[in-house]
Amino acid sequence: MTRTTPSTDEILQIEPAWKDEVHPDWIDVNGHMNIRHYVDLGGHSTDQVCRATGIDDDYRAERRMGVFTAEQHLTYLQEMQLGAPITVHVRTLERSAKVGHMVALIMDRRKDRLACIFETVLVHVNMDTRRGVEFPEDVAAAYDRLVAQDLALNWPAPTCGILGPRAR
């Protein structure tokens, strides 16, 4: 599959879900940001989007539902150096009754370049049974609004081509 990498201008059409910078303790023995921090940035950013749909701490505590990560795919496009400002922009791509699909675009704002593509599949679960369950109507509607916003973008999301609700 051929993947088209979006331009900086295209990515910046999406409000950042997360802002940070590369901290000294994120640097590994190779002198760049370690892999685990790309995963953290993608996870924190997609969590912010889930919170926007209503899946937050109160939701987990009161409604006893949440999301678990089922799959991820990361593509590293450039290394990130100490002190580099970071923004993460999330596209909400699609959902089924129980599964959501997102991609977080991790930007090195010092260079204004895409550094990493973090693609994830989330399964909506009952926190007591730990099994997949359908999104409630209000959360599904909020998720669908984000998908509709994403569809309004005039550039393809950079996905690996094998993840998503249909694959689950």
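Which residue stands opposite E94 in β4? It is H101 that stands opposite E94, and the views below start from this part of the structure.

This is a predicted model, in which local features need pLDDT of at least 70, side-chain atom pairs count only at pLDDT 80 or more, and totals for chains, interfaces and linings use all residues. Residues are numbered from 1 along each chain as its sequence is written, and side-chain values use heavy atoms, with hydrogens and water left out.

**View 1. Strand β3 pairs with β1 and with β4.** Helices (H or I, at least four residues) and strands (E, at least two) are DSSP runs, numbered from the N terminus; two strands pair if DSSP finds at least two bridges between them. Nine bridges join β3 to the antiparallel β4, and a hairpin of three residues links these two strands. With β1 (residues 16-21), β3 shares five bridges, again antiparallel; here you can find K19 with its bridge partner T87 in β3. Nine of the 11 residues of β3 are buried, so the strand is largely enclosed by the rest of the structure. Buried means under 20% relative accessible area, exposed over 50%, and partly exposed in between (1.4 Å probe, protein chains only).

**View 2. The largest nonpolar core has 28 residues.** A nonpolar core is a set of buried Ala, Val, Leu, Ile, Met, Phe, Trp, Tyr and Cys residues joined through side-chain atoms within 4.5 Å. Look for V22, M33, L41, M80, I86, M102 and I106, which have the most contacts inside this core. At least two core residues come from each of α2 (35-52), β3 (85-95), β4 (99-108), β5 (113-126) and α4 (137-151). The largest share, five residues, is supplied by α4. Not counting residues up to four places away in sequence, M80 touches V22, H32, M33, Y38, I86, M107, D108 and A115; contact means heavy atoms within 4.5 Å.

**View 3. The largest pocket holds about 220 Å³ of space.** On a 1 Å grid over the protein atoms alone, a pocket is an open set of points where a 1.4 Å probe fits, with protein on both sides within 12 Å along at least five of seven lines; lining residues have an atom within 4 Å of a point. The volume is the space filled by probe spheres set on the points, which are joined across faces, edges and corners. Of the 14 lining residues, I14, V49, V90, L146 and Q149 are the closest to the pocket's centre. β1, α2, β3 and α4 each supply at least two residues of the lining.

**View 4. H124 is buried, while E134 is exposed.** H124 sits in strand β5 and counts as buried because its relative accessibility is 0%. E134 is found in the loop between β6 (131-132) and α4, and its 54% relative accessibility is why it counts as exposed. Leaving aside neighbours within four places in sequence, E134 is in contact with A97, K98 and H124. With the same neighbours left aside, the contacts of H124 include I55, Y59, K98, R131 and E134. The C-alpha atoms of E134 and V99 are separated by 8.1 Å, with the two residues 35 apart along the chain.
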